[in-house]
Amino acid sequence: MNILHKIVETKRAEVAAAKKVISPAIMAELAAAVTRPTASLAKSIMEKETGIISEFKRRSPSKGEIRPMAQVTDIIPGYSAAGAAGISVLTDTPYFGGALTDLATARSLTCTPLLRKEFIIDDYQIMEARVAGADAILLIAAILNDEEIAKFIATAHSLGLEVLFETHNEEEAARIPHGVDLVGVNSRNLNSFETSLDVARRMIDKLPANAVKIAESGIHSPGDIAMLKGAGFDGFLIGEAFMSTPSPAETLKTYLK
């Protein structure tokens, strides 16, 4: 079993356990009761000269520990002040060291659009995202069928959340549905977890012309940003390159110059 399948298997067990604590019906009521207006991640990216989604994560299956003791309170305000167009918060615990409480805490610290970075396999997680303060969610083509994708987009939009639809290859790009707010190309192979920006360059022409296009993973320098910008990407999701440095916010600034 590859790592992606293991993560999804773990996620199904997690969601089942969460539903026993707070029922889907009650979670739906909680999500519907949230009155905070959401902010548009897509708009924020397009309004910036360089639209970077800065990521908060402590570890990953490919790199192991990146910043294991990182605190949201120490990182998120700096990302916002430095000029991030959006902030991605990993909420997976077993593989990335995150938690839904990280997202809720981040919400209390910033008005910058927040993306819940998660392996979403159930409507329940989308409702959780709204309750915790997200403005957008990630949907990964590799782990969802077309029926699930359509259903989850509808749920997200009904709650005022935008959708970043993530692809990894041409087959997944052919499945990009109407109605997504942002389309991403993840240059990381989710089976081997190896990265190559050649994937993003190859895939850019497969994305809808009018889509807000996001390059994800494998970005390690301002030069990478310049190359991807030239290829046609509008935004860039970057985590490890920031979180592995002494000051993630100061490193972000160097990518925005």
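**Figure 1. The whole chain, helices and strands.** Helices here are DSSP runs of H or I with at least four residues, and strands are runs of E with at least two, numbered from the N terminus. Counted that way, this predicted model has 12 helices and 10 strands in its chain. The radius of gyration comes out at 17 Å, close to the 18 Å that the globule rule gives for 257 residues, so the chain is as compact as a globular protein of that length. If you're setting up a box, the C-alpha trace spans about 50 × 40 × 35 Å along its principal axes.

**Figure 2. The closed barrel of 8 strands.** Follow the strands round and you go β1-β4-β5-β6-β7-β8-β9-β10, with parallel pairing. From one strand to the next, the twist averages 25 degrees. As general background, strands of a sheet pair through backbone hydrogen bonds, either parallel or antiparallel.

**Figure 3. Zooming in on β6 and β7.** Here's one pairing from the barrel: β6 and β7 (residues 162–167) run in the parallel sense and share 5 bridges. Pick out Ala136 and look across to β7, where its bridge partner is Glu162.

**Figure 4. Helix α10 lying across three strands.** Residues 222–231 make up helix α10, which lies across β1 (51–56), β9 (212–216) and β10. Against β10, the helix runs at about 145 degrees.

**Figure 5. The cavity and its lining.** With a cut-off of 30 Å³ or more, the count comes to 1 cavity. The largest cavity has a volume of about 310 Å³. Its lining takes in 26 residues, and those nearest the centre are Glu55, Lys57, Lys117, Arg188 and Ser217. Two or more lining residues come from each of β6 (136–140), β10 (235–238) and α11 (240–243). Sorted by class, that lining is a mix of 12 nonpolar, 6 polar and 8 charged residues.

**Figure 6. The second largest pocket.** This one has a volume of about 220 Å³. Glu14, Ala18, Leu100, Arg116 and Glu128 are the closest to the centre of the second largest pocket, out of 15 residues that line it. Both α1 (3–21) and α6 (123–132) supply at least two residues of this lining, and α1 gives the largest share, with 5 residues. By class, the lining of this pocket splits into 7 nonpolar, 3 polar and 5 charged residues.

Definitions and conventions
Residues numbered from 1 in each chain as written. Predicted model: local features only at pLDDT ≥ 70, side-chain atom pairs only at ≥ 80, totals over all residues. Heavy atoms only, no water. 1 Å grid on protein atoms, 1.4 Å probe; cavity = no way out; pocket = protein on both sides within 12 Å on 5 of 7 lines; lining within 4 Å. Points joined across faces, edges and corners; volume = space filled by probe spheres on them. Nonpolar A, V, L, I, M, F, W, Y, C, P; charged D, E, K, R; others polar. Pairing = 2+ DSSP bridges. Axes fitted to C-alpha atoms, helices over the stretch in contact; angles between N-to-C directions. Contact = heavy atoms within 4.5 Å. Rg over C-alpha atoms; globule rule 2.2 N^0.38 Å.
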